[in-house]
Amino acid sequence: MGKTILAFDFGTNSIGCAVGQSITGTAQGLPAFKAQDGIPNWEQIGKVISEWNPDLLVIGLPLNMDGTEQPLTQRARKFANRLNGRFNLPIALQDERLTTVEARSEIFARGGYKALKKDKVDSISACLILESWFENNIL
């Protein structure tokens with residue numbers, strides 16, 4: 001039986017979201033959540049969690065290229081802890097180095113500069129986070 005997994009690309013102004021299935025190992029972007037200084041509308045996140053009923057939440061962990069933590073790393077961990085506390089679902093952290101760069105190049109390849117809208121970048125980043133998690137975790 002496959003597992004449904006939601007992934008989040010944490011940011012202070014926008015939080016990307018994607019859903020995926022462990023059977024296929026693929027993800028699809030969902031609308032990004034607006035955030036104010038890293039705080040999302042928890043009710044909106046709750047609706048998405050209710051709709052998809054995930055078995056696991058994967059949160060992208062922003063690290064420097066050398067693997068060290070950066071200021072956003074602790075905020076992403078705090079976001080993950082809040083998700084766990086509010087929704088009582090298992091959490092996994094996934095190294096997200098390069099996902100935003102990959103997302104931008106993928107969007108640009110499809111639609112040029114006009115396609116580089118922030119919410120699209122965040123949702124595709126969440127897809128890449130989830131797909132890289134699938135590659136590293138056989139369920």
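This is a short tour of the aromatic pairs in a predicted model, with a look at confidence along the way.

Start by colouring the chain by pLDDT. The average is 84, and 81% of the residues score at least 70. Helix α1 has the highest confidence in the chain, at 97, while helix α3 (residues 99–111) has the lowest, at a mean of 58. Where pLDDT is low, the predicted coordinates should not be read in detail.

Now for the rings. The model holds 6 aromatic pairs. Select Phe8 and Phe79, which make an edge-to-face pair with 5.7 Å between the centres and 75 degrees between the planes. Show the backbone around these two rings: Phe8 sits in strand β1 (residues 4–9) and Phe79 in helix α2 (residues 71–87), so the pair links distant parts of the chain, 71 residues apart. Switch on a surface, and you will find Phe8 and Phe79 both buried.

Next, select Trp42 and Phe87. Their rings are tilted, at 45 degrees between the planes, and the centres lie 6.5 Å apart. Trp42 belongs to helix α1 (residues 42–52) and Phe87 to helix α2, so this pair ties together parts that are 45 residues apart in sequence. How buried or exposed is each partner? Trp42 is buried because its relative accessible area is 12%, under the 20% cut-off. Phe87 has a relative accessible area of 22%, so Phe87 counts as partly exposed.

For the last stop, add Phe10 and Phe33 to your selection. Together with Phe8, Trp42, Phe79 and Phe87, these residues form one aromatic cluster.

Notes. Residues numbered from 1 in each chain as written. Predicted model: local features only at pLDDT ≥ 70, side-chain atom pairs only at ≥ 80, totals over all residues. Heavy atoms only, no water. Phe/Tyr/Trp six-rings, centres within 6.5 Å; stacked < 30°, edge-to-face > 60°. Helix = DSSP H or I, 4+ residues; strand = E, 2+ residues; numbered from the N terminus. Buried < 20%, exposed > 50% of the residue type's maximum accessible area, 1.4 Å probe, protein only. pLDDT = per-residue confidence, 0-100.
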